[in-house]
Amino acid sequence: DYRTFDCKNEGTPGSYCDDGSAPQLIEECEFGCAGSECLPGIHDVALIDFTNSIGGIRLEETNGTDILGNPAQLICNQDYKIGITAENQGNFFENVTFNGSINGLLFSHNPIDNFAPADTSLKTKPVNFNLLAGLYDIIVNAIIPQDDDLSDNQATRQIEVVCAECETNEE
């Protein structure tokens, strides 16, 4: 509040000072204020759950059919699409890159340049699952140069890779 003083009945024996207070805008805070200080904006991208995703990751056959099992059963040496949805939960435009891995099998979704605040973006990446039979975790990370909340930057989904057994004809 801003305090003002005003002289009432000036120049008379009954004159007196009157004070009053009124709110006065000192500074416009773009990202809000706390404790009489403007808050800085935040940098934050997240990988979020979306339709038919588990742990923030959606798996699809190459024809677009969603794979809903948990863990998903995938055939070794086959191509599958790995889908993620990123959301800019911060206050600034961001340049986002992605790193993914499945037990040393590395892949990355295409980056997002100038990702606007409050926007979301669905990214898909075809990957050949050249892995031995077993249980694995698909891990995808969203990366920006400065992120004020790293707790929501990773998506993880468990899969089971199965491989056909070799058959021999014994005659």
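Which residues of strand E10 lie on its covered face, and which lie on its uncovered one?

**View 1. The two faces of strand E10 in this predicted model.** Strand E10 spans residues 94-102, and its covered face is made up of Glu94, Val96, Phe98, Gly100 and Ile102. The uncovered face of the strand carries Asn95, Thr97, Asn99 and Ser101. In a regular strand the side chains alternate between the two faces of the sheet, and a reader who follows E10 from Glu94 to Ile102 can trace the two lists in turn.

**View 2. Strand E10 beside strands E12 and E14.** Strand E12, which covers residues 112-115, runs antiparallel to E10 and is joined to it by 2 bridges. Within this pairing, Val96 stands opposite Ile112 of E12. Strand E14, which covers residues 134-143, also pairs with E10 in the antiparallel sense, here over 6 bridges, and Gly100 of E10 stands opposite Val140 in E14.

**View 3. The hairpin formed by strands E10 and E11.** Strand E11, made of residues 105-107, runs antiparallel to E10 and is joined to it by 3 bridges. The two strands form a hairpin with 2 residues between them, and Asn103, which lies in the turn, has a positive phi of about 50 degrees. Gly100 stands opposite Phe107 in E11, while Gly100 also stands opposite Val140 in E14.

**View 4. A network of salt bridges that links Arg58, Glu60 and Asp66.** Side chains of opposite charge can pair when their charged atoms come close. A search of the whole structure finds 2 salt bridges. One of them brings together the side chains of Arg58 and Glu60, with a distance of 3.1 Å from N to O. Another joins Arg58 to Asp66, where the closest N and O atoms are 3.8 Å apart.

**View 5. Burial of the residues in the salt-bridge network.** Are Arg58 and Glu60 buried or exposed? Arg58 counts as buried because its relative accessibility is 12%, which falls under the 20% cut-off. Glu60, the partner of Arg58 at 3.1 Å, likewise counts as buried, because its relative accessibility is 8%. Asp66, which forms a salt bridge with Arg58, counts as partly exposed because its relative accessibility is 26%, a value that lies between the cut-offs of 20% and 50%.

How values were computed:
Residues numbered from 1 in each chain as written. Predicted model: local features only at pLDDT ≥ 70, side-chain atom pairs only at ≥ 80, totals over all residues. Heavy atoms only, no water. Buried < 20%, exposed > 50% of the residue type's maximum accessible area, 1.4 Å probe, protein only. Helix = DSSP H or I, 4+ residues; strand = E, 2+ residues; numbered from the N terminus. Pairing = 2+ DSSP bridges. Salt bridge = Lys/Arg side-chain N within 4 Å of Asp/Glu carboxyl O.
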